[in-house]
Structures are given as C-alpha cells and as structure tokens.
Amino acid sequence: MHDFHYKDFIARFDHAGNLACACGHTHHLDIKSVIVSHGALEQAAELLERMRGSSERLWVLSDENTEAAAGRRFKAALGRHPFTGRVLPGKPKVHPTEDLATELAEEARRASPGLLVSVGSGVLADLVKRASLKLGVPNWCVATAPSVDAYSSGTSALNFSNFHGSIAARASEVIVCDLEVMEKAPREMHLGGLGDLLAKYLAFLDWNLALAMTREHYCALVSDLALESARTALSAARRLATDPAEAARTLTDAALTSGFAMQAIGGSRSAATAEHTVAHFWESAHCVRNPRWDLHGILTGAASRLVLPAYRALFATAREHAVDDRSRLAAFDAERPWQETLEDGLRPFLAKVTEEMAGRRHDRGELALRLESWRRERARLCGLADDLLKELSEAVDFLAGIGFPFSLQEIGVRPEEALLPFRNIRLLRRRYSAFDVAYDLGLEDVMQEAGRAALAG
C-alpha cells in the first residue's frame, strides 16, 4: 500500500497555504482538511462540529443517486446540525451549466447558509464550487466516486457561452472521501477515473513542448506529481479484480492529486490538453448518444485514444523532417485569416473560437523562433515523446482489456463529430500542444491523416 501523493504535496505548503516553489512561482492551495478513509462521513460530521460549531446552517446539494450512496448517511451523521438543500433527479443526467449554478446559488441564498456542501461526483462538486464563489460562502465536498479531479481543483467545468470549459470557482476547504463509498461506486465511474488519467501523459508531453517551443513557464514539481500519481493509479488498477479496495484508494489519490496540482498553478496545464478540448466539444455539442457512457472521464479517455495515433505519427515524421524556414515563413505570410476559413460546424461556437484565438501569441517573428527552438530541441523532444506515447499506448491497451469503451460507436459519437474538433484543435484551444508543433513545422496533414486512418480502422 502506497502513501498518498496528495498528502506529500500538501505537506510542502505552509499554514497560509503557500509554497515558494523552485520553479520561481509561489503556489497556493485553499484547503483546510482532506479525509480519505473508511468512516470518513462520520469523521466529517465531527470535524464540522469542531471547526464551525453546531448552529451554522448548511445547504447540501445531491442527486437521487448520490443521496443513496452517501447523502443520507452524511445527513444522519450531522445529528441536530441544521441543514437544508436540494436533491436533484438521478435521471436524466444533470448538465452542469452556468445558468444552473446561478439558479442553485439563488436558492441557497434564500436559506442564508454559512456553508455549502456537495455530495456527488464532478458535476455536483463543480456546481457547488461555482455557487460558493457567487455567494461568498465556503464549501465542502463529499465525493462519491473516484472519477474526476474536480473535487480538489480551483475551477468548475461548466457550459457557458455555449461551450463546456473551466470557469472561476471557490475551491472546497474540506474534501471528504469515504473509501467504502468510493469502492462501491458504479464501474462506469471507476473506468471514467482511469480514462481521465490517460490525459496526464499527453499533458506532461505538451507542457514540455510548450516550454521548449514557446518558453512557457514550467513547474517540474507539479508536472511530475500529476504524471506519477496517474502511473501509480493505473498500476494499481491492474489489480482491480483481486484488490478493488486498493485500486479505488489509489484512483482517489490520483484524482485528488491532479486537482490540487491544477489548483496550485491556477490552471489545467498539468492535467489536460488536446484530448480535453475534443471531449469538451462532444459535451458542448451533445454528441454522446449513449447515456451510460456520457461521463467526462470516459470521453476524455476516448479522445486520448483518438489523438494518440496522430501524436505518434507527428513525432515519427518530425524526427527526420527538415524544415525550410523560408518556405514555411512564406506559407505563413500567405495564410488567410481564420475568420475566412472557419468551418460551418464551428460557427455555433464562434464566441469560444474568438476568445481562444485572441489569447494566442503568434506572428512571423514568433514562428521563426519556434523553428529555431525545434532544431535545437528536436532529438530530446522526440525521445521524450517516444517514451511517453509508448507508455500511454500500453495503458490504453490495458484499459481496453478491462472493458473501457474506446469505441466511438459504443459511446454514440459519429465519425464527423469526432473529426471536427480534431481538425480544429488550434482554434478551440490556445494552449500550446503537439497540434501546434505540427502547424509550426508544416506537418498538420501528417496528424490529420493519422487521425482519419485511426478512426476508419
């Protein structure tokens, strides 16, 4: 049994939640306590009494499924502690939108709570964190499945401006993970947690690419931590059939660690990259027609498998590709503005594209610097990519072997709905990734052909 990665990370921060990191930045966490154990629900009620007394009113959000899994037991443990709240329907699935977060915040406001509590997985946690920010009231999170890193992150994944993405939220000050509850979570939720871990390999690679090619700030502590916790959880998952308790424990640890890493750097760089953009597009466009698999981690895993062959093809080609700077810069000069070439399928998301493109820093001089950086760093970056993509491929094969639904047909996404965001990663995501390397080197066709071939196969 391994110690928790998240504990080691939190221990680096001082009592004010600050860490003067070797990367040159000061990181911050807003966390007072994390309870991961059997009996955590009862321990949480005792902690509430010690921290906030017995008279402060709570407002608790759950749904019919999470109420049965943990909500009733948590509320019983509260004893005479006053609470109110809402239990959302278990079906159909709740869609996390900014409008719903606003509605819930207003409902909670009328109850004048001193604390908001979510009982559920990522959707409910994100809604409460966002409502918490709107109200200026702290929140606690009672997790019910080891499926997402939302519990410990400092943002909420909601649909706003017609696109699913991260928005400012108030981080939970206490996170409660009762291992009995986590172990009993539906298999789909466990698979979703494992699918989300696949993104950590691509995120690690793309952050290193951004450092080398664009001089983006990089934190080795956070990047290494996110990847290593994912590796540990995937290793433990190989014993899912023989030691499900340890598998759930390490998956919970990986989810918490990933969220705290994101909270510390104020963004998702260590946890998400191109695959999340594809998954968020599917969520925004309501592409998933099989409700069983309409889970963030499942979509992230399927999108990771979709982009993997494209990443491999890019670095196999780029290793020997000789860039003619004059020709590449001339092609850059001749490019039409993105507004003139935008695909019709992206027009419903014009606001998102406009926002992302406005955040890009890219001109002729910048491209010339990137080409120079590639020549200097090519061997190292290709070697790093080879190692990580091999490891990711092995993880994909393992998950496929235990029944992960990588098939787009199984999750209900049509081929063109898969390829549309794949073709347009650079329009939907400003953060540098392998898709930007392909653009800089003039090798976009290599990635696109690999993606089409993988989908056809």
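Leaving aside neighbours within four places in sequence, which residues is Phe315 in contact with? In this predicted model, Phe315 touches Leu205, Leu209, Trp374, Cys382, Ala385, Leu389 and Ala434.

**Cores**

Phe315 belongs to the largest nonpolar core, which has 118 residues. Together with Trp282 and Tyr311, Phe315 is among the residues with the most contacts inside that core. Helix H7 (residues 187-214) supplies the largest share, 14 residues. A second core is separate and has 20 residues, including Ile35, Leu115, Trp140 and Val142.

**Helix pair H17 and H20**

Helix H17 (residues 415-423) and helix H20 (residues 444-456) have axes that come within 11 Å. They cross at roughly 165°. Angles over 145 degrees count as roughly antiparallel, so H17 is roughly antiparallel to H20. The crossing is right-handed. H17 contributes Pro415, Ala418, Leu419, Phe422 and Arg423 to the contact. From H20 come Met447, Gln448, Gly451, Arg452 and Leu455. By class, six residues of this contact are nonpolar, two polar and two charged.

**Backbone exceptions**

Most residues other than glycine have a negative phi, and most peptide bonds are trans. The table lists two positive phi values in residues that are not glycine.

| Residue | Phi | Relative accessible area | Loop between |
|---|---|---|---|
| Arg215 | near 65° | 45%, partly exposed | H7 and H8 (220-237) |
| His286 | about 55° | 55%, exposed | H10 (274-284) and H11 (296-318) |

A cis peptide bond joins Lys91 and Pro92, with omega about -5°. Pro92 sits in the loop between strand E5 (83-88) and helix H4 (98-111).

Conventions:
Residues are numbered from 1 along each chain as its sequence is written. This is a predicted model: local features need pLDDT of at least 70, side-chain atom pairs count only at pLDDT 80 or more; totals for chains, interfaces and linings use all residues. Side-chain values use heavy atoms; hydrogens and water are left out. A nonpolar core is a set of buried Ala, Val, Leu, Ile, Met, Phe, Trp, Tyr and Cys residues joined through side-chain atoms within 4.5 Å. Buried means under 20% relative accessible area, exposed over 50%, partly exposed in between (1.4 Å probe, protein chains only). Helices (H or I, at least four residues) and strands (E, at least two) are DSSP runs, numbered from the N terminus. Contact means heavy atoms within 4.5 Å. Axes are lines fitted to C-alpha atoms, for helices over the stretch in contact, and angles run from 0 to 180 degrees between N-to-C directions. Angles under 35 degrees count as roughly parallel, over 145 as roughly antiparallel, 65 to 115 as roughly perpendicular and the rest as oblique. A crossing is left-handed if the near helix is turned anticlockwise from the far one by less than a right angle, and right-handed if clockwise. Ala, Val, Leu, Ile, Met, Phe, Trp, Tyr, Cys and Pro count as nonpolar, Asp, Glu, Lys and Arg as charged, and the others, Gly among them, as polar.
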